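Here is a small set of exercises to work through with the structure open beside you. Try each task before you read its solution.

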Amino acid sequence: MEIQELTAFQHSEEIIQPFTISCVEDTVVVCTKDHTLVLRLKYKHIVEDGAICYELSRIKCSTARPTGALIAHEATLYHASSMEQRRRIMLDQTIFPNIAKVYICNVQSWISPPGVFEDNPREHLIANVTNMGQLTIYRLEEQCQSSWNTYVDVSDTWQSHIYDRHPIEAYDELQIMVDEMTITCFAWETTIHQHPVRFAFGTKSGKIVFCNLKPNVPKIEHVHQEEEASRVIKYISVPGQHHFLLVGLESGRLGVYRFGGANQLGAFFVQYIATYFEEDLCISAIECEVERKVNGTEQLLIIAVKATYLLMIEIDFDGTLRSSATLSMENFMITGLQQVCPRRYIVCTLPGKMFHLQVDEVSSQSCLQIAQQEVATDLNVGSYALYGVAASRTRTGWFILGYPSRRFDHLTLRSPTCIFFCRFNQRDALEMLLANSTYRLESYHDAAEMVRFQGNKQPKTLAPLEDAQLELSLDEESIYQLKLQLIQLSARISYNTKRNQAFTLGLYAQHRFICALIEGINAARIVRWLVEKYTQRKAALHPMQQEALRCLRNFIRTLTAEAQCPGECEYLLTKLKPTLLEVLEAADQIETPAITDEVCSFCDAPIYAYREQCPDSHAVFRCVLTKIQITLECEEITCEICQRYSIGPTVLGTVLEQSMAIVDYRKCCICDAPFKGSGSKSV
């Protein structure tokens with residue numbers, strides 16, 4: 001088994017705790033210290049640059065202080081408190097949050113399941129809890145799709161429910177109200193079967209609150225009092241049955257609550273006490289499966305994370321314990337747990353180890369059998385510790401959260417948080433797309449994105465799509481098959497754009513070389529005409545014609561001596577070079593007035609007439625376009641497309657000193673467009 005990195009996304013925020021990455025359908029949520037990062041998949045059939053199709057938006061950590069609404073005189077309470085109570089005041093910033101600076105950060109963010117809004121089933125809500133106990137639910141702003149606005153303030157509703165704004169005069173009462181107001185955990189129901197949507201949260205005082213979410217206002221349905229605070233909550237909704245709430249309590253116990261159905265709220269819990277722990281460990285994450293067997297038996301398979309251990313239990317819907325097992329991962333701290341398929345999970349640990357777990361039931365014994373296999377990865381775990389793992393809708397895309405595990409220089413620390421986009425070879429995206437019997441791509445955009453990324457790195461993986469022989473008609477299958485072709489073409493375009501850049505630059509070099517040859521041939525024709533006029537007609541050259549002859553002669557000499565010849569076109573210059581040298585030999589017999597050599601602006605060395613740079617090849621800064629107008633007794637003709645001046649037997653036109661661009665007087669040598677205009681033109 002192997003997990004391969006396809007690409008990575010880095011961000012400047014800090015990670016302060018594990019299990020902070022999650023994915024619901026096509027939306028990935030990462031809870032960092034100051035922001036909640038939301039990556040939404042906006043799939044495009046063609047992405048030429050190979051960039052990820054996930055759009056990033058942020059939710060700023062709320063600065064609200066729920067316990068700051070308690071009416072209390074800080075100085076009076078502090079002086080009336082005992083020494084132990086004063087220590088608690090100094091260590092707990094939620095007791096007096098208004099009197100001094102407090103340090104606020106995110107604790108966790110939870111994304112809702114699909115179907116929260118009946119008119120827009122793909123829209124999600126995101127709930128966020130801070131270390132001040134503030135619980136806020138956010139909704140994406142409709143007009144600006146990158147901004148999240150407060151949808152409901154649950155802490156405000158809870159405060160109105162438990163506090164009547166009476167003055168608090170004793171420390172004990174203040175501590176009780178602070179614990180009542182401080183929300184520690186939250187959970188959406190796993191699947192939405194009916195509206196209004198329900199959720200649950202726990203408080204530091206041990207209360208577990210059940211709510212429903214009516215439009216723009218939460219309604220508290222029931223409040224259950226537990227003996228200790230809850231740290232983790234998992235809300236399991238079963239259609240047509242009781243619903244279950246799995247709670248990780250502060251002492252390390254696992255509480256299972258059943259509610260709804262025939263009895264409005266019946267509560268029970270299964271207590272687990274480890275035999276070899278000196279003190280039990282708190283639960284940091286919970287996963288649960290609802291199983292219905294062939295014989296009609298219904299049960300829950302619960303997996304709870306305790307530091308480096310996994311606790312697995314099977315219970316019936318009535319709370320009867322069927323079997324249990326404990327597994328030590330023998331790695332420091334489990335930081336991620338993600339289901340692959342029923343009874344199969346991926347587990348990641350802080351040092352960078354990843355494991356595949358398969359949980360099977362032993363029918364003859366009341367225990368579970370766990371098969372463990374390490375997953376090979378190419379992640380940079382030497383530099384990054386792993387803080388969580390999540391999987392996309394079809395489990396073809398895997399997102400692993402990394403944070404530097406050692407010191408880096410200040411440049412790297414600007415973007416320490418890294419989200420690795422990976423593929424798991426046990427969940428092949430291309431096979432899933434080819435096996436899609438619905439012939440629709442809406443629920444498989446994550447698989448299409450993984451195919452595009454993988455094809456961008458390994459084009460041979462696209463062979464099943466490239467070799468497919470399509471028979472098209474007017475049905476949905478034909479449209480779907482064509483969309484698959486768009487996916488592989490997009491991957492190939494991105495691959496060729498990146499990997500074949502040298503080949504593309506070679507083509508550009510050939511293009512420039514061919515243009516230079518065209519200009520060189522035209523220059524040689526002009527030089528030959530001037531030589532013929534001087535030698536055969538015995539006509540003296542005009543000084544401007546001598547300047548043109550010198551310029552064109554230098555251009556031809558540079559072309560023959562220093563032209564960069566691409567390998568495929570070298571034979572062209574080889575065959576043309578004798579003719580050009582013959583023209584130069586005849587032109588060199590014509591005397592031209594001596595001119596002052598150009599001087600290098602860097603070293604003051606002379607730039608000779610037959611060279612474009614000084615002997616040390618320093619950069620030469622000339623005017624971008626220097627024109628030498630050479631007019632005889634006839635009209636000047638200009639290219640209609642290129643706007644280049646012609647040079648021919650009747651009009652020598654304009655010579656560009658920088659590029660020596662020469663075109664035929666009858667038509668443009670580059671674009672073959674006819675010339676336009678007449679009359680002399682002075683520059």
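**Exercise 1. Find the loop that holds Arg165, describe its backbone, and decide whether the residue is buried, partly exposed or exposed.**

Solution. This model is predicted, so keep in mind that local features are taken only where pLDDT is at least 70.
- Step 1: Look between helices α3 and α4 (171-181), where Arg165 sits in the connecting loop.
- Step 2: Check the backbone: phi of Arg165 is near 65 degrees, a positive value in a residue that is not glycine.
- Step 3: Arg165 has 49% relative accessibility, so it counts as partly exposed.

**Exercise 2. Do the same for Asp604: where does it lie, and is it buried or exposed?**

Solution.
- Step 1: Asp604 belongs to the loop joining β30 (598-599) and β31 (606-607).
- Step 2: Its phi is near 65 degrees, again a positive value in a residue other than glycine.
- Step 3: The cut-off for exposed is over 50% relative accessible area. Asp604 has 59%, and therefore it is exposed.

**Exercise 3. Work out the order of the open sheet that contains β10, and say why its edge strands have a free side.**

Solution.
- Step 1: Trace the 4 strands in the order β10-β11-β12-β13; their pairing is antiparallel.
- Step 2: β10 (183-188) and β13 (217-225) are at the edges with a single partner strand each, so one side of each has no neighbour in the sheet.
- Step 3: On average, neighbouring strands here are turned by 25 degrees against each other, with direction ignored.
- Step 4: Now add helix α3 (residues 154-162), which packs on this sheet and touches β10, β11, β12 (207-214) and β13. The direction of α3 makes about 55 degrees with that of β13.
- Step 5: Zoom in on one pair: β10 and β11 (residues 197-203) run antiparallel and are joined by 5 bridges. Within this pair, Ala187 faces Ala200 of β11.
- Step 6: Finally, visit the loop between β10 and β11, the place of Pro196. The peptide bond from His195 to Pro196 is cis, with omega near 0 degrees.

**Exercise 4. Which strands are at the edges of the open sheet β2-β3-β4-β5?**

Solution.
- Step 1: This open sheet has 4 strands in the order β2-β3-β4-β5, with antiparallel pairing.
- Step 2: The edges are β2 (21-24) and β5 (54-60), each of which pairs on one side only.
- Step 3: From one strand to the next, the twist averages 20 degrees.
- Step 4: For detail, take β2 and β3 (residues 27-31), which pair in the antiparallel sense over 4 bridges. Cys23 stands opposite Val28 in β3.

**Exercise 5. Describe the surroundings of Asn128 and list its polar contacts.**

Solution.
- Step 1: Locate Asn128 in strand β7 (residues 125-130).
- Step 2: With 2% relative accessibility, Asn128 counts as buried, because buried means under 20%.
- Step 3: A polar atom of the Asn128 side chain lies 3.3 Å from the backbone oxygen of Gln108. The side chains of Asn128 and Ser109 are joined by a polar contact of 2.8 Å.
- Step 4: Setting aside neighbours within four places in sequence, Asn128 is in contact with residues including Cys31, Thr36, Asn106 and Tyr138.

**Exercise 6. Which residues does Ala391 touch, and how far is Ala391 from Asp26 in sequence and in space?**

Solution.
- Step 1: Ala391 is part of strand β27 (residues 384-391), and at 1% relative accessibility it counts as buried.
- Step 2: Not counting residues up to four places away in sequence, Ala391 touches Cys23, Gln338, Gly397, Trp398 and Phe399. Cys23 is the residue that stands opposite Val28 in Exercise 4.
- Step 3: Ala391 and Asp26 are 365 residues apart in sequence, and their C-alpha atoms are 9.6 Å apart in space.

**Exercise 7. How confident is the predictor along the chain?**

Solution.
- Step 1: Start with the average pLDDT of the protein chain, which is 81; 84% of the residues score at least 70.
- Step 2: Then find the weak stretches, among them residues 272-278, where pLDDT stays under 50 and the model has 9 contacts beyond four places in sequence.
- Step 3: Residues 641-666 also have a pLDDT below 50, and this stretch has 101 contacts in the model beyond near neighbours in sequence.

Definitions and conventions. Residues numbered from 1 in each chain as written. Predicted model: local features only at pLDDT ≥ 70, side-chain atom pairs only at ≥ 80, totals over all residues. Heavy atoms only, no water. Pairing = 2+ DSSP bridges. Helix = DSSP H or I, 4+ residues; strand = E, 2+ residues; numbered from the N terminus. Axes fitted to C-alpha atoms, helices over the stretch in contact; angles between N-to-C directions. Contact = heavy atoms within 4.5 Å. Buried < 20%, exposed > 50% of the residue type's maximum accessible area, 1.4 Å probe, protein only. Polar contact = N/O pair within 3.5 Å; in protein donor to acceptor, adjacent residues only side chain to side chain. pLDDT = per-residue confidence, 0-100.
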